[in-house]
Amino acid sequence: MGGAGKVFTLAEVAEHNTPKDCWLVISDKVYNVTKFLEDHPGGDDVLLSATGKDATDDFEDVGHSTSARAMMDEFYVGDIDSSTIPTKTTYTPPKQPHYNQDKTSEFIIKLLQFLVPLLILGVAVGIRFYTKSS
């Protein structure tokens, strides 16, 4: 573990991502929250899922109390080298083939769904008519 004031890269912090060794980056500071995992009100999964990235937004979105912020001092191990944190991660959706549905085939299907039962009914009435008149 690093001493207070040491500077870590995001890659170094990301190596600490297990329940036995969990580090977080919040507001450009590195915290070893391993001892706090069991006591965290949101559960250890919340903290473990925030490893390997800048968890500042996750931390701020929850709206932690002032006492929770004061507790952070005991878990502080150093600072993060901000040049190792990606400035913005962009979501790239997986490539999928463009689905171009032909409206004509949909119309034909709807038309057939109407005409086929009508045709069957007509044939049944015709057979009944011809067999009854014989």
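This short presentation covers the sheet, one helix residue and a surface patch of the structure above.

The model is predicted, so local features need pLDDT of at least 70 and side-chain atom pairs count only at pLDDT 80 or more, while totals for chains, interfaces and linings use all residues. Residues are numbered from 1 along each chain as its sequence is written, and side-chain values use heavy atoms, with hydrogens and water left out.

I begin with the sheet. An open sheet is formed by 5 strands in the order 1-5-4-3-2, with mixed pairing. Strands are DSSP runs of E with at least two residues, and helices are runs of H or I with at least four, both numbered from the N terminus. Two strands pair if DSSP finds at least two bridges between them. Strand 1 (6-8) and strand 2 (17-18) stand at the edges with a single partner strand each, so one side of each has no neighbour in the sheet. Strand 2 runs antiparallel to strand 3 (residues 21-26), and 2 bridges join them. Thr 18 stands opposite Asp 21 in strand 3.

I turn next to Val 46, which lies in helix 2 (residues 44-49). Is Val 46 buried or exposed? Val 46 is partly exposed, with a relative accessible area of 41%; buried means under 20%, exposed over 50%, and partly exposed in between (1.4 Å probe, protein chains only). Its C-alpha atom is separated by 9.4 Å from that of Asp 58, 12 residues apart along the chain.

Finally, Phe 114 lies in helix 5 (residues 103-133). Phe 114 is exposed, with a relative accessible area of 54%.
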